[in-house]
Amino acid sequence: MEKVVPGRYTAHTEESFVVFVIGMRINRFWAVHRWLPVFLSMPGMIRELYMNRELGFKEGHMHFSLRRTCIIQYWDSFEQLEHYARKGQKHLKAWRDFNRKIGTDGTVGIFHETYIIPKGNYESVYNNMPVFGLAKATSHVPATGRRETASRRLGQGGDPAVPTPANPVQ
């Protein structure tokens, strides 16, 4: 189990980065033989990325629901992400297999979203959380001073944080 870090923290990086959201959706539950191979191709790709950090992959988090699996990934650059998509052995095989075996038959859907985040155009806060998300991909730092509020983290000044009682309710 991940260790909870008490207190308020934020992520910090001086660089631009990419957030990539990728996943699949099961459209026909009973067609297990169609969607299970798509699902099972994901762990190999994730393992390949963690073992080859020079590709530009920083960190990722997987989320599951009844019909959907989603992975939020952090990358150094769009160019590195695209290079992996087109040249990564595991991804290229999975991409080709999906197009050949599933195509547009509707049994399983796949999706992705890509966000290019320029330097300084992000903010985050983690309160009583394990090191997570962007903070795990970059630096996990206390959310104090100029990092105390969302507007300050975005360099816009702003009001002080909402006061915290000396003895929080238990």
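Read along the sequence, the protein follows the pattern β-β-α-β-β-α-α-β-β-α-β-α, and in this predicted model five helices and seven strands are present. The C-alpha trace spans about 60 × 40 × 25 Å along its principal axes. Of the 170 residues in the protein, 36% are buried. Sequence-distant contacts can be described as follows: among contacts between residues at least 6 apart in sequence, 72% join residues at least 24 apart.

The strands may be taken up next. Four of them form an open sheet in the order S3-S4-S2-S5, with antiparallel pairing. Strand S3 (57-64) and strand S5 (108-117) stand at the edges of this sheet, and each has a single partner strand, so one side of each is left without a neighbour in the sheet. Direction ignored, neighbouring strands of the sheet are turned by 15° against each other on average. As a general matter, strands of a sheet pair through backbone hydrogen bonds, either parallel or antiparallel.

Strand S2 has a neighbour on either side in the order S3-S4-S2-S5. Toward S4, the partnership consists of eight bridges, which join S2 (residues 17-26) to S4 (residues 68-75) in an antiparallel run. Two positions allow the register to be followed on the structure: Ile22 has Ile71 in S4 as its bridge partner, and Met24 stands opposite Thr69 in S4. Toward S5, S2 pairs in the antiparallel sense over 10 bridges. Here Val19 can serve as the reference position, since its bridge partner in S5 is Tyr115. S2 is also mostly covered, with eight of its 10 residues buried.

The helices provide the next element of the picture. Helix H1 (residues 32-51) packs with helix H3 (residues 89-101) at an angle of about 165°, and their axes lie 9 Å apart. Because of that angle, H1 is roughly antiparallel to H3, the cut-off for this description being an angle over 145 degrees. The crossing of the two helices is left-handed.

The contact between these helices can be traced residue by residue. On the H1 side it involves Arg34, Val38, Ser41, Gly44, Met45 and Glu48, which meet Gln89, Lys90, His91, Ala94, Phe98 and Lys101 on the H3 side. By class, the contact of H1 with H3 has four nonpolar, four polar and four charged residues.

One of the H1 residues in this contact, Glu48, merits separate inspection. Glu48 is found in helix H1 and has a relative accessible area of 13%, so it counts as buried, the cut-off being under 20%. Not counting residues up to four places away in sequence, Glu48 touches Tyr84, Gly88, Gln89, Lys90 and His91. Among these, Gln89, Lys90 and His91 also appear in the list of H3 residues that meet H1. Val131 offers a contrasting reference point: it lies 83 residues from Glu48 along the chain, and the C-alpha atoms of the two are separated by 22 Å.

A final point concerns backbone geometry in strand S6 (residues 126-129), where Asn128 lies. Asn128 has a positive phi of about 55° although it is not a glycine. Its relative accessible area is 44%, and Asn128 is therefore partly exposed, a class that falls between the limits of 20% and 50%.

Key
Residues are numbered from 1 along each chain as its sequence is written. This is a predicted model: local features need pLDDT of at least 70, side-chain atom pairs count only at pLDDT 80 or more; totals for chains, interfaces and linings use all residues. Side-chain values use heavy atoms; hydrogens and water are left out. Axes are lines fitted to C-alpha atoms, for helices over the stretch in contact, and angles run from 0 to 180 degrees between N-to-C directions. Helices (H or I, at least four residues) and strands (E, at least two) are DSSP runs, numbered from the N terminus. Angles under 35 degrees count as roughly parallel, over 145 as roughly antiparallel, 65 to 115 as roughly perpendicular and the rest as oblique. A crossing is left-handed if the near helix is turned anticlockwise from the far one by less than a right angle, and right-handed if clockwise. Contact means heavy atoms within 4.5 Å. Ala, Val, Leu, Ile, Met, Phe, Trp, Tyr, Cys and Pro count as nonpolar, Asp, Glu, Lys and Arg as charged, and the others, Gly among them, as polar. Two strands pair if DSSP finds at least two bridges between them. Buried means under 20% relative accessible area, exposed over 50%, partly exposed in between (1.4 Å probe, protein chains only).
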